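Me: I would like to learn how to read the features of a structure like this one. Please take them one at a time.

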Amino acid sequence: MDELKKIIYDHDLGSDCDDAGALAILIKAHKAKRCKALAITCCIADKYSAPCTDAICQYFGVSDIPIGRNLENDKHSAPCYHDCTKVTCEKWYGDKPMPEHESNVKLLRRILAENGKKDITFITTGPLTTVFELFRSGADEISPKSGRELFAENVTEFVCGAGNFTGDRANREWNIRADSESAVEVINRPATPITFVGNNVGGCIFTGNKLPDCDERYPVRECYYLLWNYENCVRNSWDLVTVYYGIYGGGGFWDVAKGYDVTVNALGQTRFSEGGIHSYLYQSASSEVITAVLDEFMMP
């Protein structure tokens, strides 16, 4: 049997809910041994994001995925960053204390230093804050190498949910403009080629129709309901598309345009042109088919 695909996933669950659907896809794939999740990290500086991630793992009976918390950068710490997670955690943990989680950077440095082989797929579905902090980490007791060196030596595929690869080439997509400092460092000085999953392939897919019929304790269901004040569970599926592609590839749903140069500026504007090392996804199947597949994959 071939070695399982190794995944590290960094998300921004809290201000939006589709990260929860993406987490369900990853955790279920890990449990079914369709991939091996080495770590899950949360790029926002909010105390509920990592425990909510933990709650989803617990729901699926998964306890062997290390979870990290952003303790390095407080850019994303306003109350809006726990719109989907605070109440979910309060309901899940009740009177029990929420679990503690280690620093994103320490966790990732340890995982990468122990891996020692360029075979990891790194997936992001939020601002590039975690990767930026990892890149600028230096030698420590874990490794004499910088975070950028560890990333370059271990990550063979970087699947980045960011940008919008259609229409205006100077667009300002949120995952980039929310932390343009990090995006400039990570995208303009890449440690490995990046496959961009832009909003153009996920923003047009809406999933969550089946969640109202799920177990009311299902944390993913709760996250989706909270975003809409318990009115519905439908949300665009950008993060689900990104994680599904990172695990399973295009699957006949998306194709990859290769050989592009991608840069961003301090205003968060993204520009892309032919003649570089990066790639981006474009949709090759009907939205109805993709929606049906993703809806099924996010179910408990």
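Me: By class, which residues make up the lining of the largest pocket?
Reply: Rolling a probe the size of a water molecule over the atoms shows where empty space is left. In this predicted model, the lining of the largest pocket holds seven charged, five polar and two nonpolar residues.

Me: What is the volume of the largest pocket, and which residues are the closest to its centre?
Reply: The volume is about 220 Å³. The lining has 14 residues, and D16, W174, N175, R235 and W238 are the closest to the centre.

Me: Which helices and strands supply at least two residues each to that lining?
Reply: Helix 1, helix 7 (174-177), strand 9 (235-236) and helix 11 (238-248) do.

Me: Take helix 1, then. How does its expected span compare with the distance between its end C-alpha atoms?
Reply: Use a rise of 1.5 Å a residue; helix 1 covers residues 18-31, so its 14 residues should span 20 Å. The end C-alpha atoms are 20 Å apart, in agreement with that figure.

Me: Is helix 1 largely enclosed or largely open?
Reply: Count the residues with under 20% relative accessible area. In helix 1, 12 of the 14 residues are buried, so the rest of the structure largely encloses this helix. Among the buried residues are D18, D19, L23, I25, L26, I27 and H30.

Me: What follows helix 1?
Reply: K33 follows helix 1, and its phi is positive, near 60 degrees.

Me: Now salt bridges. How many does the count come to?
Reply: Side chains of opposite charge can pair when their charged atoms come close. Here the count comes to 16 salt bridges. One of them joins E3 and K117, with the closest N and O atoms 3.8 Å apart.

Me: Which parts does the pair of E3 and K117 tie together?
Reply: E3 belongs to the segment before strand 1 (6-11), whereas K117 sits in the loop between helix 4 (104-115) and strand 5 (120-124), so the pair ties together parts that are 114 residues apart in sequence. E3 is exposed, at a relative accessible area of 55%, while K117 is partly exposed, at 46%. The two residues also belong to a network of salt bridges that links E3, K6, K117 and D119.

Me: What is the salt bridge partner of D140?
Reply: The partner is R109, and the closest N and O atoms are 2.8 Å apart. This pair links distant parts of the chain, 31 residues apart: R109 is in helix 4, and D140 is in the loop between helix 5 (129-135) and helix 6 (147-154). R109 is buried, with a relative accessible area of 1%, whereas D140 is partly exposed, with 28%.

Me: How far apart, N to O, are the side chains of R189 and E185?
Reply: They meet in a salt bridge at 2.4 Å. R189 is partly exposed, with a relative accessible area of 47%; E185 is partly exposed too, with 21%.

Me: Last, the sheet. What is the order of its strands?
Reply: Nine strands form an open sheet in the order 4-3-2-1-5-6-7-11-10, and the pairing is mixed. Strand 4 (102-103) and strand 10 (254-264) stand at the edges with a single partner strand each, so each has one side without a neighbour in the sheet.

Me: In what sense do strand 10 and strand 11 pair?
Reply: Strand 10 pairs with strand 11 (residues 270-283) in the antiparallel sense, over 11 bridges. To find the register, look for W254, which stands opposite Q283 in strand 11.

Terms used: Residues are numbered from 1 along each chain as its sequence is written. This is a predicted model: local features need pLDDT of at least 70, side-chain atom pairs count only at pLDDT 80 or more; totals for chains, interfaces and linings use all residues. Side-chain values use heavy atoms; hydrogens and water are left out. Helices (H or I, at least four residues) and strands (E, at least two) are DSSP runs, numbered from the N terminus. The expected span of a helix is 1.5 Å times one less than its number of residues. Buried means under 20% relative accessible area, exposed over 50%, partly exposed in between (1.4 Å probe, protein chains only). A salt bridge is a side-chain nitrogen of Lys or Arg within 4 Å of a carboxyl oxygen of Asp or Glu. On a 1 Å grid over the protein atoms alone, a cavity is a set of points where a 1.4 Å probe fits but cannot get out, and a pocket is an open set with protein on both sides within 12 Å along at least five of seven lines; lining residues have an atom within 4 Å of a point. Grid points are joined across faces, edges and corners, and a volume is the space filled by probe spheres set on the points. Ala, Val, Leu, Ile, Met, Phe, Trp, Tyr, Cys and Pro count as nonpolar, Asp, Glu, Lys and Arg as charged, and the others, Gly among them, as polar. Two strands pair if DSSP finds at least two bridges between them.
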